[in-house]
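Student: I am new to this structure. Can we go through it in short steps?

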Amino acid sequence: MFVHTRPSNPSHARLRLLTAVNARKDAGSSPTGIVGRNLARQLLGAGDRVRVLAEPGQTDDWPDGVEVVEGSITRPIEYAEVFDGVDGVFLAGAVPTTVRDALEAARNAGVRRVVVLSSHGPEYEEDHPPETWFWLAIERAAECSGMEWTHIRPSAVLGAMIEGTYPATGSDWPEMIRGDGVVREAFLDGGHYPFIHEDDLAAVAMAALRVDDHVGAVLEAVGLPISSRSRVASIARAIGRDIAAVGVAPGESRARWRRGGWPDSGIDVTLYALEEYGARLAELTAWTLDQRPAVHEIIGRPPRDVDDWVVENADLFR
């Protein structure tokens, strides 16, 4: 079903298709709606036309000028016409069981380029049988599609807290802070997690769609590791009141997250990363800084940090 909006750019402008799915808590899943809305704004501002294939819970709040199609990239055969006239696809939320169908429909429609929103996981999946692959299966399908491709492997996205996607860390902080003003989470004393602002991730995706330099590349859209306590402190400054931070046993966080609907895969990787980034902070910080092209080189400006994000979203915690 098409939900039409008035095009904001001329009909001869290149048409980009973005896909968005409802929140997933599985390990490595990004908030496709929040990233997509930021990407749509940037593409429209650059003079492109934008079409979105969005699951029912993601059809609202797109910028004026976006053409929204209600449907799912996980069922691409039903929505093959969505690729008509499209130059490039930002493929977010695809699944291994149907990704080849999606890519075949795109290629048959004349799509030139596909940018995959992947995850950090393919490098580990290579050590396991292909039938167990998830992110690597999607990447390999794009590489064999006959279209130009780019993979984006982001760190956790700050906006995941809003959309309810991976990682689990911070997912229950708004409730805690609005309640008794105390954050309780595992590894608060030394835990760190790498985050990227959704606006920066969208800017990386825009570059991959519009610039030829990144064809055939894996872009590590990674932010620096941030300590859990510094994230709490940023929120406290933004809302102008003290927030206590109390470390708890991993089992307590696990139980709370499970009650919130988190699968063990998302919980396990969240706890592992919090501990691992804390224990290997210097090494993993150096790895982040060594990535080329760096995020700031791709987007042409310094990345936005957690303080920026918290100020923009302070009402979430009030």
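Tutor: Start with pairing: two strands pair if DSSP finds at least two bridges between them. Strands (E, at least two residues) and helices (H or I, at least four) are DSSP runs, numbered from the N terminus. This is a predicted model, where local features need pLDDT of at least 70, side-chain atom pairs count only at pLDDT 80 or more, and totals for chains, interfaces and linings use all residues. Residues are numbered from 1 along each chain as its sequence is written, and side-chain values use heavy atoms, leaving out hydrogens and water.

Student: How many bridges join strand β5 to β6?
Tutor: Strand β5 covers residues 88-91 and runs parallel to β6. Across the pair, Leu-91 stands opposite Val-116. The number of bridges is four.

Student: How many of the five residues of β6 are buried?
Tutor: Buried means under 20% relative accessible area, exposed over 50%, and partly exposed in between (1.4 Å probe, protein chains only). On one side of β6, Arg-113, Val-115 and Leu-117 are buried. On the other, Val-114 and Val-116 are buried too. The count is five.

Student: Which element supplies the largest share of the largest nonpolar core?
Tutor: A nonpolar core is a set of buried Ala, Val, Leu, Ile, Met, Phe, Trp, Tyr and Cys residues joined through side-chain atoms within 4.5 Å. The largest one has 34 residues, and Leu-18, Leu-39, Trp-62 and Phe-90 have the most contacts inside it. Elements that each supply at least two residues include β2 (15-20), α1 (32-45) and β6 (113-117). The largest share, nine residues, comes from α7.

Student: Which residues of the 205-209 stretch does Phe-90 touch?
Tutor: Contact means heavy atoms within 4.5 Å. Leaving out residues up to four places away in sequence, Phe-90 touches, among others, Leu-18, Leu-39 and Val-115. Its list also holds Ala-205 and Leu-209.

Student: Is Thr-32 buried or exposed?
Tutor: Thr-32 sits in helix α1. Beyond its neighbours within four places in sequence, its contacts include Thr-19, Ala-92, Leu-117 and Glu-163. Its relative accessibility is 4%, so Thr-32 counts as buried.

Student: What is the relative accessible area of Ser-29?
Tutor: Ser-29 lies in the loop between β2 and α1. Not counting residues up to four places away in sequence, Ser-29 touches Arg-24, Trp-135, Thr-165 and Tyr-166. Ser-29 is buried, and its relative accessible area is 7%.

Student: What is the bridge partner of Glu-185 in β13?
Tutor: Strand β9 (residues 182-186) has four of its five residues buried. It pairs with strand β13 (residues 244-248) in the parallel sense, over five bridges. The partner of Glu-185 is Gly-247.

Student: Which strands stand at the edges of the open sheet β8-β10-β12?
Tutor: Three strands form this sheet in that order, with mixed pairing. β8 and strand β10 (residues 192-196) are parallel, over two bridges. Each edge strand has a single partner, so one side of each is left without a neighbour in the sheet; these strands are β8 (156-157) and β12 (225-227).

Student: How far apart are the axes of α9 and α10?
Tutor: Axes are lines fitted to C-alpha atoms, for helices over the stretch in contact, and angles run from 0 to 180 degrees between N-to-C directions. Pro-250, Arg-254, Trp-257 and Arg-258 in α9 meet residues of α10 including Ile-267 and Leu-271. The helices pack at an angle of about 145°, and the distance between their axes is 10 Å.
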